[in-house]
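Please open the structure in your viewer and keep the selection tool at hand. This tour names a residue or an element at each stop and says what is found there.

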Amino acid sequence: MNDQCPTTLHGEKAKPGKDQLAVLRRGLPITGSTGSTGSTFSTGGAGTVNGLPVWRSFDELADTAEFREHLEKEFPHGALELQRAVEAGGESRRDFLKIMGGSLALAGVAAIPGCRQPDHKILTYSKDVPEDIVIGKPLFYATSFARPDGGAEGLLVETHEGRPTKIEGNPLHPINNGKASTWAIASIMSLYDPDRLKFPTYDNPARGKVEATWDDFRGWAGKHLAAYDAKQGEGLGFIVGKASSPSLEAAKVAVMKKYPKATWAWYAPTEQSAATEGSKIAFGRPMRESLALNKQTVNIILSLDRDFLYHESEELSNSRGFAKSREVWTTEDSMCRLYVVESGFSLTGGQADHRLRAAPSRIAGFAVELAKYMLTKTGGPAEKGLAAAVAGVSVPAGDDFGGGAGRRFLEECAMDLMRPENRGKALVLAGHNQPPQVHALCYAINAALESIGKCQFFQPLTEAEAADSMRQLADMSAKASKGEISTLIVVNANPVYDAPGDIDFGAAWKKIGATVTLSVGQTETAAASTWSLNGAHYLESWGDTRASDGTISPVQPMIAPLYDPAGARAILNEVELLNLIAGGDMNAKADAYEIIRNNWKAPLGSNFESKWRHALHDGLLAGTARKPEAPAVAFDKVAAAVAAMSLAGVPTDKSLDVSFVVGHVHDGRYGNTAWLQELPEVATRTVWDNPVLMSPRTAEALNLLPVGFSQKNPSGMYTKPKYPEAQLAELTIGGRKVTIPAWILPGMADNTLLLTFGHGREVCGRVGDGVGVNVYPLRTAAIASGGGRQARGATLAKGTGEYQIISKQNNWSMEGRTSIVRAIDLPAWKEHGNAVQDVVDSFYGTTKKINFAERLGELSHNPPILSIYENPYNKSDSEPGPDSEYSKGQQWAMTIDQTLCTGCGACTIACQSENNIAVVGKKETGKGREMSWIRVDRYFTGDFDNPQNMLHQPIACVHCENAPCEVVCPVNATVHGPEGINYMTYNRCIGTRYCANNCPYKVRRYNFFEYGKLEFNGDYMGKDMIDKIGDVMPGQGVGPSGSSAHNKININFIPPRLREKIKQIEQMQKNPDVTVRMRGVMEKCSYCIQRINQARIETKLNGLPGIPDGFFQSACQQACPSDAIVFGDMRDDKSKVHATKANARSYALLGYLNTRPRTSHMVRIMNPNPALCDAARKHSWKEPFHHDGHDGHDGHDGHDGVAPHSSEGEAGSPPNAPKAHTFFDSHKHTQDTGYAMSLKVLGGRAGA
Amino acid sequence: MTTIHPDQLTAERLAGLSRGAGSPTPAPGTGDGTLIETPGVRPPLVLNNRSFKELTDIICGYVENPAPRWWFPIFAMAATIAGLAGALILYLVVTGIGTWGLNNQVDWAWDITNFVFWIGIGHAGTLISAILCLLKQKWRTAVNRSAEAMTIFAVICAATFPGIHVGRQWMAWMLFPIPNSNVIWPNFRSPLLWDVFAVSTYGTVSFLFWFMGMVPDFATLRDRADRRLRANPEGGAVLLPIVPIRIDRLRATIYGFLALGWRFSSRHWHRYEAAYLVLAGISTPLVLSVHSIVSFDFATSIMPGWHTTIFPPYFVAGAIFGGFAMVLLLLIPARELFPHMKDLITLRHIDNMAKILLATGMMVGFAYSMEFFIAWYSGNEYEVYAFKNRATGPYWWAYWTMITCNVVSPQLFWLRSMRTTPLVVFIVSIFVTIGMWFERFVIIVSSLHRSFLPAQWGMFHPTLIDIGIFVGSCGIFLTLFLLFLRFLPAFPIAEIKAVLPQASPHYGHENEPDGHGDVAAPAHGGHH
């Protein structure tokens, strides 16, 4: 790559020292880091080596006057002079670093008079290799990422020869702890997005849109903004994307200082404002909650429509803490219990031990009823006062938490929360779609439960963090429509697209004279602006962030701006632009590096340089975390607020409730990130869309069931030759109407709709254009309705036409195959967890002991199928014998804990990034050709309307010791290694696909087209699909008739020369350690073989006998926020995977096939409240091994008759409602008859 | 005095074969060659009392006379379809396997279905040639040449599919054990590799068998052309008016080359008979092995619905079933369209083959039911589901099409009137061919699309490319067969002559009823 940027030559980056390099491995905490990174560059002038002059160019050697002058200008002598130069407004340090990178080329060329802009291309590392760089070895730099919903993440970025390729969590960062969210991991893709804005565009009144330069803008802005100086900024407006960044906040202060009368709006369309408002009620000041979850701190959690494990600013720490509180290793372990009351089926809902469906507007009523029930029984006078106030609030009748099963749920949950042993360890959490009063009430309940200060803490928020975006945008809009805003500067925000429907921002926008938009990617706002400026990506520029616990982290560039014309560093980021405006001189230097350093000088105090370097190295400013507070709740204020709340009745199919959620593309900003578009949504597994979701019953009532759907055969709609068809519906809320496809999701509250933000982008790029439907016009800015994330009184009418919804998973249930995701209740585990069973192999007559988890599956009654082949590595038929290859060296293995896995998909994205896995687009996904190496299977159990559980099972290649794929490959392309890994040799593979046919786990992925090059069928969506969407939804601007944007989708329309350029940019993201697979080749999980081999080389060089446990992590393991994935050497007694594999919860998926998978799954343990379990379920705790029923003729149990579903239902999780199982498990009724008969014939030997 | 068994007289009368007693040469028969199944009473294998010369003229006439008028349009159509196959295969290779309807759940569908289908078709040829030869079934002589040709062409069609179904067709050579510097050999444990060997062996031996049988006939064609050239040194048809190459010169050259210097000497005949017997012996196990090995593609896997020990015999029976259906499908129209072919392919042949259809149809029917029984009997929920899904799942229509065509439709053949009505046999053969295609489709697709993990269940839907390549392969097959009928001796002249009554040593000794001669070969006439 000769176009790589010179940024890697920056000596300023936190580069670990050589001794640290040895320990700095993926995901490992850097121990004993001193942060001592000396300046590795010379400061100009020729040095000496062994007394001889060192020169780099003939000019230098000749020491001409021109060269001297040039040298003085470009490379002032010494750091002090550099500093002086900066102060004098000269070349900044950043400039210096940049030019330094290009010095080889520059020094020789720049002296030639008349030479135009020098080409800043750098040479390959032929000579002056920067100190820390070893070609082929990645370097890891710390940086941070401002989360779009508040807070931040500390990241480590893997760079190869100056090219960032993968984003990982910073192990030192308190929020990340080595993990990273899907958004952070996928943000690398937005850096290399070929559709990024590449140059400023000026909407010339005379000539229309023209390509401009930053210098043009500076000239324009200098004149334009000067007019506001006298008016103190009156008429000037700023809409700035909310990001938790001290420097950005400082920039606001600076701007407002210069323009005191300007209007400023912090804006984030999907922020969690209701919680902030709730904290204002409860504590009198804006605060943000933080949870301290682990086994010691929390016993009971009640979530009221709160998806606290996903897509909110503290998802990583919450997931980690929740996992800690749920870990079960021995039968002595306890775990916390999760109750969820929710409208949709969220990721958190999938983890629930007990789940109640309730419409979003009814959840406030649930909270009130809960408070009524609890507070009278608990607490002191203040709580009693609240109780009294709450007692007066009447919850409209008509729902069953007045009396039915819901009431029982409420009471048992309340009793559980109030139990003395749970004092201070019980939490009630309010959802972000709930009004502030509900949040305040939950805080009050937590205070009454003495949990605040024990497992729930609060931190004060800054003005910017606490700002209510919606209100500020509404103010701005109002002013603009009155003509009071003449110039609007929009920074990293897209209000033209995502303004709420009750703010007519579009009309207001048109009244603004001049608009300036700074944006990294294409946005609707940028397209509509007078000036659209191409901003620098966070991986290209300096900045800082503040995490939700207050920790401040630096953002440091990994690469020079990709679309910087000739390295002129013209491109600015948000901090630079705002500071430039605040500075008054638009032609001045704007350098975030200096800005950040200046801002940090005060907090860092003395010895700045050392601390600065330390902070860059560690990726955080130590000691900046806010102290968690436990403020007192103002019960009277809460009481007053709750009493003033209006509670809704039960929604009907004429007046529906709506809840808005954030999906994978967040507020829409990740629309052009194909990884996220193709990451299936948690419950529906749909990709590339955001249909309106509703329960099957509601869809039936509204006549909106998907075409071909029947309750009897819910997967039947996927058997049509066409893609599954959703019906288009007209959704109306408050007079605002949107046409949207209707889809069903089991387990949703009836008469409730779920809408996902962020789709239906019109100006986004080739990936995101026209994907899904924009639902922002339906939302409001009202804080009372959960910050506009809830709506009532919606109507949904059948529209005309159908629409294709693509899902990565076409079947909803486990079809009664209970041994796939094995799940059991805690009491059964406690009683039977240590019990082993002897299984006699009827063929060999040998006896083998199987653990608890295996007893739940086929192996309890079915000996493993024998292979006709002798495994060359594994001579024995059961355990690896002492002479087998598998008993030597390091043997890699993985466990996936289904108790801890929440199904978030971070593993999928991390794997995609690490292993260069292609996206295939909606059409190809619909054909069942997704490429993800690790996928998350989702199953519902129980009734289709009200499923018992949502079970998640991540599956990648399980690396069978007796791999069925290896035997059948005719060309030896997939073979086994001595360390137990099933290798895939791409250049050997000819693509017979036989291996994939014979894989019982269906984890092999085939390149049906040239997916790696993005040129499959020319586009992502397929022309027929686009045309179809355009035909039926012209108003949505998604078809050729609606928007010209679609012309850009087809890559064939892009001239070949440019296409080549685009590919180069995309290729830069690819991990050079992993082959990009060509068409016609099979691929699959390799256990991150490249990481194993890197670790092997490292350890060999260091003379270690093997790779120590934890020396490296697989990409999925590294990303998993709940540490559900454990990978390592199973022969190492001290390794974690050795322990997890030996655990009684560990089982081999489909183990009876004798594939001997190296990846084992771990039984999911659930912790139901016995008081909410029926007799059948309780009975199953005594007899959890449902397969015992097979040898029932032995007479040792007869529970089949007592509890029919305990022999047919989920292992250990029989449903509360026995009848509910008929839907999913119908075929199980007769299947065992033949087996029983064969046992009789064989004399019962097989199951003995 | 001559006494003729009354049954024989009845039989002859029924067959329209009765002739005047004491006649030295039999009157031309007018029947169709079918008879009551009476031991010792067999209808003639060649009707109308053809003489040796007449037979030679008829058979060589197919090659030497101008093509019938119907031949050209049909050939043009078939060749166009074959060309379509070529174009689509080119498109497939250039674009990718994704142009088919396959996906990550169903990685094989029409490609391997077509492969197994064509390989199955190819079974009848060698069965007729080899096994019936060893069993001294004389009726085989009329159909064995065309059945063998059909085998070769079917193997060509079949071999196409494994070749193009791989993702990187240009690397398909890696399937062969070619010594290389990496010392990487193919995986000899893979049934797909066994397929390569099985099919190539089968193709080779079948070709040799076919070709060797044609050598004397090539010599006949050569000699006839040569004689015409000598008789008329100046005249004779030319290839094209502007290309003054005489066709007989071409024939003499090409057939002469193919005849490998055959001179009809007794020594040649002696060697020929021995070699023929040896090849028949070699081919016989191949008939059983090829489809057994093809069935291993499925049987050795672990997928429910594939992992079945019954597959080898079941596949062989199915292959014979499908192969005979195809023979009938080709020969019934051919005997209508070509002059005098009805004399050679009589209703007796059709009747015999219909009986084989009935028998093998019952075998596959038994196999279908045993699969269900064993699945149920195993108690393995995945097995049970796989078969239940076959019959009642999304592909139920394919399954029931298969049952209807393969099990139900041949039941007509319990009635002799059905067996001896060519139209009925033709229609049933179409059904059986469709049914046998669906059998492979059902086995492959319905097993794969819903395997162990319900999360990974999917569907297969064919694309136009899928369909086009299959139709195209039919075009290739038909094109080759039409060329065969036109340019190669479609019947083994010498062998047919050997089953003529005149060839019998007892020919003319009609007054010596020995009770074991063919009816049509009157047991009198002395030794010639």
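The model is predicted, and across all its chains there are 89 aromatic pairs. For one of them, select W210(B) and F484(B): their rings form a tilted aromatic pair, 6.1 Å centre to centre, with 45° between the planes. W210(B) belongs to helix α7 of chain B and F484(B) to helix α17 (residues 464-487) of chain B, so the pair ties together parts that are 274 residues apart in sequence. Both W210(B) and F484(B) are buried.

Next, select F211(B) and F218(B). The centres of these two rings are 5.8 Å apart and the planes stand at 45°, so this pair is tilted. F211(B) has a relative accessibility of 18% and therefore counts as buried, the limit being under 20%. F218(B), at 1% relative accessibility, is buried too.

**The surface of chain B**

Now select F197(B), which is located in helix α7 (residues 191-231) of chain B. Is this residue buried, exposed or partly exposed? F197(B) counts as partly exposed, because its relative accessibility is 30%. Add V183(B), W185(B) and F188(B) to the selection: together with F197(B) they form a nonpolar patch on the surface, with about 380 Å² of accessible area together.

**Groups of side chains in chain B**

To display an aromatic cluster, select W110(B), F117(B), W118(B), Y395(B), W397(B), W437(B), F438(B), F441(B), F460(B), F470(B) and F477(B), which form one such cluster.

Then clear the selection and choose a set of charged residues. K53(B), D57(B), E64(B), R224(B), R228(B), D248(B) and R251(B) are linked in a network of salt bridges.

**A helix and a loop in chain B**

Select residues 347-378 of chain B, which make up helix α12. This helix has 32 residues and reaches 46 Å from its first C-alpha to its last, close to the 46 Å expected at 1.5 Å a residue. In an α-helix there are 3.6 residues a turn, so residues three or four places apart point the same way. Just after α12(B), select G379(B), where phi is positive, at about 70°.

A positive phi can also be found at L260(B), a residue other than glycine, with a value near 55°. L260(B) is in the loop between α8 (247-258) and α9 (266-299) of chain B. With a relative accessible area of 61%, L260(B) is exposed.

**Salt bridges in chain A**

Side chains of opposite charge can pair when their charged atoms come close. Over all chains, a search of the whole structure finds 69 salt bridges. Three of the stops below show such pairs in chain A.

- Select R147(A) and E315(A), which form a salt bridge with the closest N and O atoms 2.8 Å apart. R147(A) lies in the loop between β3 (139-146) and β4 (152-160) of chain A, and E315(A) in helix α11 (residues 315-326) of chain A, so the pair ties together parts that are 168 residues apart in sequence. Both R147(A) and E315(A) are buried.
- Select D1123(A) and K179(A), joined by a salt bridge whose closest N and O atoms are 2.9 Å apart. D1123(A) lies in the loop between α37 (1115-1119) and β39 (1125-1129) of chain A, and K179(A) in the loop between β5 (163-169) and α7 (182-191) of chain A, so the pair ties together parts that are 944 residues apart in sequence. D1123(A) is partly exposed, with a relative accessible area of 26%, whereas K179(A) is buried, with 5%.
- Select E289(A) and R306(A), which form a salt bridge with the closest N and O atoms 2.7 Å apart. E289(A) is in strand β10 (residues 287-291) of chain A and R306(A) in the loop between β11 (300-304) and α11 of chain A, 17 residues apart. E289(A) is buried, with a relative accessible area of 7%, and R306(A) counts as buried at 5% relative accessibility.

**Charges over rings in chain A**

Which ring does K198(A) lie over? Select Y563(A): K198(A) lies over its face, at 5.3 Å from the ring centre. Then select R761(A) and Y497(A), where the charged end of R761(A) sits over the ring of Y497(A), 5.2 Å from its centre.

**Last stops: two loops in chain A**

Select E450(A), in the loop between α16 (436-448) and β15 (456-460) of chain A. Although E450(A) is not a glycine, it has a positive phi of about 60°. E450(A) counts as partly exposed, at 36% relative accessibility.

Finally, select G735(A), in the loop between β24 (725-733) and β25 (736-744) of chain A. G735(A) is exposed, with a relative accessible area of 66%. Add L778(A): the two residues are 43 residues apart in sequence and 8.9 Å apart in space, C-alpha to C-alpha.

How values were computed:
Residues numbered from 1 in each chain as written. Chains lettered and ligands numbered in written order. Predicted model: local features only at pLDDT ≥ 70, side-chain atom pairs only at ≥ 80, totals over all residues. Heavy atoms only, no water. Helix = DSSP H or I, 4+ residues; strand = E, 2+ residues; numbered from the N terminus. Buried < 20%, exposed > 50% of the residue type's maximum accessible area, 1.4 Å probe, protein only. Patch = residues over 30% accessible without salt bridge, like charges linked within 9 Å, V, L, I, M, F, W, Y side chains within 5 Å. Areas by Shrake-Rupley, 256 points an atom, 1.4 Å probe, with all protein chains shown as cover. Salt bridge = Lys/Arg side-chain N within 4 Å of Asp/Glu carboxyl O. Phe/Tyr/Trp six-rings, centres within 6.5 Å; stacked < 30°, edge-to-face > 60°. Lys NZ or Arg CZ within 6 Å of the ring centre and 35° of its normal. Expected span 1.5 Å × (residues − 1).
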